[in-house]
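Open the model in your viewer and keep the selection tool ready. The tour goes from one selection to the next.

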Amino acid sequence: YSFKAAEETRTVEKLLTHIALGYRFQHRIHAIDKRSNFEGFDFPSLFMEMVAEEAKPRTKAEVIALLKEDGEVWAKYVEGLTEDFLSQSFGLPPGATPASKSRFEMILSVKEHEMHHRAQIMLIQRMIGIVPHLTRDMQARMAQMQNRTQSAQS
């Protein structure tokens, strides 16, 4: 839980907390502020708010609760989005290339960001001697298939 893969990286606790909070940027933009572009958006303020929230010490149970509760907030929001809303263009900061993205692309970035960090967690699991759950599940399926094949050949 307090393991760090390398200097200047997050502990497992902070990595999981970061995943739990990762949706909040897009949620603020699309659900709370209901923006159509970044004009006048206070990036430093939101960044500091996110850093402070991530820095709070949390027990394993608290991190799991945060993952579940915030995950539900995001899931319920995304579940209610319409095709029309997702296809809308969102203006990026001046000088950005491209100049805009669809809301769908921006909202999808939450999952892409989560998957990036989930891969880090899987590598950390390997580093400390744990076989990741996806690998264990795949190994179990392979063993079942081999058992069926051997049974059929007998």
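Helices here are DSSP runs (H or I, at least four residues), numbered from the N terminus. Residues are numbered from 1 along each chain as its sequence is written. The model is predicted: local features need pLDDT of at least 70, and side-chain atom pairs count only at pLDDT 80 or more.

Select helix H1, residues 12-21. Nine of its 10 residues are buried (under 20% relative accessible area, with a 1.4 Å probe and protein chains only), so H1 is largely enclosed by the rest of the structure. Among the buried residues are Val12, Lys14, Leu15 and His18. To see what covers them, show helix H2 (24-32), helix H3 (43-55), H4 and H6, which are included in the cover.

Now add helix H4, residues 60-79. H1 and H4 pack at an angle of about 15°, and their axes (lines fitted to C-alpha atoms over the stretch in contact) are 8 Å apart. That makes H1 roughly parallel to H4, a term for angles under 35 degrees.

Show the side chains where the two helices are in contact (heavy atoms within 4.5 Å). H1 contributes Glu13, Leu16, Thr17, Ile19, Ala20 and Leu21, and H4 contributes Val63, Leu66, Leu67 and Asp70.

Next, select Ile130, in the loop between helix H6 (103-127) and helix H7 (133-153). Is Ile130 in contact with residues beyond four places in sequence, and which ones? They are Gln125 and Arg136. At 36% relative accessibility, Ile130 counts as partly exposed (between 20% and 50%).

Last, pick Ile32: from Ile130 it is 98 residues away in sequence and 40 Å away in space, C-alpha to C-alpha.

Definitions and conventions: Heavy atoms only, no water. Axes fitted to C-alpha atoms, helices over the stretch in contact; angles between N-to-C directions. Helix = DSSP H or I, 4+ residues; strand = E, 2+ residues; numbered from the N terminus. Parallel < 35°, antiparallel > 145°, perpendicular 65-115°, else oblique.
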